[in-house]
Amino acid sequence: MFTSPNDPMATCRIAVVTVSYGSEDVLGPFLNSLGLASLHPLFVVVADNKQSKGTSKVRELTEESGALYLPLDVNRGYGHAINQAVRHLPSNIEFIVISNPDVVAEPGSIDILVQTLSADSTIAAAGPRILSSDGQVYPSARMIPTLTGGVGHALFSSIWPGNPWTRSYRRDAVAVPARRDAGWLSGAFLVARRSTIEDLHGFDENYFMYFEDVDLGYRIGKSGLRNVYEPSAIVTHTGAHSTATDSLNMLTAHHRSARRFLSKQYPGPSRWPIRAILSVGLSARSWLLERKNRRT
């Protein structure tokens, strides 16, 4: 059950915020799944980063479900849109579900994650087991990437897939799901305390796309709080509205954000040579993957 944005007496504690960018094909199943994901009323906000002229299908789906439609004049990225949605939440909200729209939440998943947060004040964010559309576990709870690990993965992942840096980066993909602390949780779906999000000023909006969740998890850890992976809560990330046409642009955005995060984490002139090597490695990886895609 969604709490109407027009109801001044709404007293729900849980909000869901998501961002649409031409997501009309997946938004309906996402919104429908929320009704069973929690037994409690939800205040839902859909921020629209890609408005169309005339009546928007995204707007129709949002308003038909009882959620709040938030059109944004300029697309400044995922983190900016989420931050704007959070600013439109009523004051009584305590827990914020941050989600992509191409997700289907399993029954009870939101309540499990909220219970995890409620049981321990040191936990700032909790993330579920995220499955791909074919049922494979997505590595959604990882360690904070290091500069040396980033360099090794960037330089060798395309030509030496079994290298130790890439194995370390991807090892959660084959790990047996178990509740544990993580360096960061995937922004595809997580629940966070509103107080923490506001104390940390939300996502860093300098990341247009990718690594804003890594950065948030890193800052949560630096503040002395915890990110916890709770695999008893399950969601499915379909990725249905991602297209092959956008893949190279997305890869470029990913590498740009990775470069920014590691440069932010390891500043100073003494580390400039390593940052330069990382930049070269990421550029080389982009070039190799682009050539490979052109052949296929």
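Colleague: Which residue in strand 11 does I98 stand opposite?

Modeller: In this predicted model, I98 stands opposite L190 in strand 11.

Colleague: What makes strand 4 and strand 11 a pair?

Modeller: Pairing requires at least two bridges between the strands. Strand 4 and strand 11 (residues 189-193) have 5 bridges and run in the antiparallel sense, so they meet the definition of a pair.

Colleague: How do you know that strand 1 also pairs with strand 4?

Modeller: The criterion is again at least two bridges, and 5 bridges join strand 1 to strand 4, so these parallel strands count as paired. One of the partnerships places I14 with F95 of strand 4.

Colleague: Why is strand 4 called largely enclosed?

Modeller: A residue is buried when its relative accessible area is under 20%. In strand 4, 5 of the 5 residues are buried, so the rest of the structure largely encloses this strand. F95, V97 and S99 point one way, I96 and I98 the other way, and all are buried.

Colleague: Why is helix 3 described as largely enclosed?

Modeller: Under the same 20% cut-off, 8 of the 10 residues of helix 3 (residues 78-87) are buried, so the helix is largely enclosed by the rest of the structure. The buried residues include Y78, H80, I82 and V86.

Colleague: What do the buried residues of helix 3 pack against?

Modeller: Their packing partners include strand 1 (14-20), strand 4 (95-99), helix 7 (194-199) and helix 8 (212-222).

Definitions and conventions:
Residues are numbered from 1 along each chain as its sequence is written. This is a predicted model: local features need pLDDT of at least 70, side-chain atom pairs count only at pLDDT 80 or more; totals for chains, interfaces and linings use all residues. Side-chain values use heavy atoms; hydrogens and water are left out. Buried means under 20% relative accessible area, exposed over 50%, partly exposed in between (1.4 Å probe, protein chains only). Helices (H or I, at least four residues) and strands (E, at least two) are DSSP runs, numbered from the N terminus. Contact means heavy atoms within 4.5 Å.
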